[in-house]
Amino acid sequence: MSTKTTIARVGDFAGQAVTLEGWLYNKRSSGKIQFLQVRDGTGFIQCVAVKSEVGEEVFAACDALSQESSLRVTGLVRADDRAPGGYELTVQHVEAIQISHEYPITHKEHGVDFLMEHRHLWLRVPRQRALLRIRAEVERAVADFLDGNGFTRVDPPALTPSSCEDTTELFQTQYFDQEAYLTQSGQMYMEAAAMALGKVYSAGPAFRAEKSKTRRHLIEFWMIEPEMAFVEHEENLKIQEQFVSHIVKHVLNHCENELHTLGRDIQALSRVEAPFPRMSYDEAIDWLQKHDFDIQWGDDFGSPHETALANQFDRPLFIERYPTAIKAFYMQPDPNRPEVVLCADMLAPEGYGEIIGGSQRIHDYALLKQRFEEHKLPEDTYAWYLDLRKYGSVPHSGFGLGLERTIAWICGIEHIREAIAFPRTLYRLYP
Ligand code: 4AD
Ligand code: MG
């Protein structure tokens, strides 16, 4: 008799017979011995079938298994220091569930376009599995931290009548006889929720019809958006640095194997601890000018600026108080200097750019109304948002953490598209 288990748990069954269900990842053969590399989603294990032990029939069944055939294998678990997971399986029986024919992704190198076209299959390799596992752990760390600190999760709508960020990036769609947009950010709805529940957060997709084809941009990305009543700029930054430190620590503690699979420099990650360095926008402009960048006060930063600024530090960097003119309409001006707003972007080290955008929000009715006029935003679609400043308005702040950028940085991967299972990019909607 054998126990059905998973590769991740075979260590509990050393010396015993187990049955594993999975897929053939790779195979080597030396005529009388076959080495089957089997994966089951929880890990990879080498299963060794010796012809003289298993007999002709089982050996032939092993022989018939092609790459990515699904199978059920029974065998004895054997501890082996040389094996990647510490164990091997001595095959007793093999049953093919379905034989795979001409699996398109071979063990040769493939170009990224080919791999993206086969993303539904590409997910099966160790590297992609590691990325998805880390993504899930990042999401768990997000929930642990926020749920544990008095936040309530609230889910804002995906279909909206108005924009929250740059109107040029709206993803338009038809809502019966009205025009609607896919959400760019749930922030405004989260502000309403914060006035009901105090501290809230959302976690879901955001859509930006940005025509940018950089390694930092997706058309559909996930954003975590905490929003907090009675929290002002300074406290907002403190929460962000604790939040990000917690996420990184959680991944270090729970994803050692996955980080190893990705070849991530663990040392760099272990230095990520609050407090994070800070620079004002003014200081950042000075620094850039001193380092020969052609940039003036009032300009927004591009990727090269962000990378250069962040590379001075071994942990994320806050840049605070950007010019009012280049930031969103809802940001609270600095009371001492209304030409800048009480906002901050968090830039990840190692060239990953902005992972968080956040700010204190305008809570004064008249000022917000004035901003709607300046930004030529239709007041009727935003009437409910103004209402929040009419009925018990309080200072409040929040931020949006870009999930894929955070994952790309933690995992040390080149391009953000591998940080989500099915990326939506400028030229790709399939699969
Ligand atoms: O800075 P953003 O645009 O801020 C907002 O949307 C605010 N309403 C958030 C808030 O205060 N509640 O976006 C926040 C973060 C960025 O720092 C970045 O990490 C990520 O979302 N992001 C993107 N990630 C991938 N692809 C894109 N096209 C992204 N645009 C923004
Ligand atoms: Mg931003």
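Trainee: Which pocket does ligand 1 take up?
Mentor: The model is a predicted one. Within this model, the space taken by ligand 1 is a pocket, and as to its rank, it is the largest pocket.

Trainee: Which elements give two or more residues to the shell around ligand 1, and which of them gives the largest share?
Mentor: Three strands meet that condition: β12 (220-229), β18 (353-361) and β19 (396-402). The largest share of the shell amounts to 5 residues, and the element that provides it is β18.

Trainee: How do the residues of the shell divide into nonpolar, polar and charged?
Mentor: The shell around ligand 1 consists of 22 residues, with Glu165, Gln187, Arg208, Glu225 and Glu354 coming nearest. By class, the shell divides into 8 nonpolar, 6 polar and 8 charged residues.

Trainee: Which side chains place a polar atom 2.7 Å from a nitrogen atom of ligand 1, and what is the distance for Glu210?
Mentor: Glu165 has a polar side-chain atom 2.7 Å from a nitrogen atom of the ligand. Gln187 likewise has a polar side-chain atom 2.7 Å from a ligand nitrogen. For Glu210, an N or O atom of the side chain is separated from a nitrogen atom of ligand 1 by 2.9 Å.

Trainee: What percentage of the area of ligand 1 does the protein bury?
Mentor: The reference is the ligand taken alone, which exposes 630 Å². Of that area, the share buried by the protein is 93%.

Trainee: Where are the cis peptide bonds that precede Pro275 and Pro431?
Mentor: The bond from Ala274 to Pro275 is cis, its omega being near 0 degrees. Tyr430 and Pro431 are also joined by a cis peptide bond, with omega about -5 degrees. Pro275 lies in the loop between α8 (266-270) and β13 (278-280), whereas Pro431 lies in the segment after α13 (403-411).

Trainee: Is Glu68, with its positive phi, buried or exposed?
Mentor: Phi of Glu68 is near 75 degrees, although the residue is not a glycine. Glu68 belongs to the loop between α1 (51-64) and β5 (70-79). Its relative accessible area is 5%, and buried means under 20%, so Glu68 is buried.

Trainee: How is Arg321 classed by its relative accessible area?
Mentor: Arg321, also a residue other than glycine, has a positive phi near 55 degrees. This residue is found in the loop between β14 (317-320) and β15 (333-334). Its relative accessible area is 26%, which falls between the 20% and 50% limits, so Arg321 is partly exposed.

Key: Residues are numbered from 1 along each chain as its sequence is written. Chains are lettered from A and ligands numbered from 1 in the order in which they are written. This is a predicted model: local features need pLDDT of at least 70, side-chain atom pairs count only at pLDDT 80 or more; totals for chains, interfaces and linings use all residues. Side-chain values use heavy atoms; hydrogens and water are left out. A residue is near a molecule or strand if one of its heavy atoms lies within 4 Å of it. A polar contact is a pair of N or O atoms within 3.5 Å; within protein, one must be able to donate a hydrogen and the other to accept it, and residues adjacent in sequence count only if both atoms are side-chain atoms. Accessible areas come from the Shrake-Rupley method with a 1.4 Å probe; for residues, only the protein chains shown count as cover. On a 1 Å grid over the protein atoms alone, a cavity is a set of points where a 1.4 Å probe fits but cannot get out, and a pocket is an open set with protein on both sides within 12 Å along at least five of seven lines; lining residues have an atom within 4 Å of a point. A molecule sits in a cavity or pocket if more than half of its atoms lie within 2 Å of its grid points. Helices (H or I, at least four residues) and strands (E, at least two) are DSSP runs, numbered from the N terminus. Ala, Val, Leu, Ile, Met, Phe, Trp, Tyr, Cys and Pro count as nonpolar, Asp, Glu, Lys and Arg as charged, and the others, Gly among them, as polar. Buried means under 20% relative accessible area, exposed over 50%, partly exposed in between (1.4 Å probe, protein chains only).
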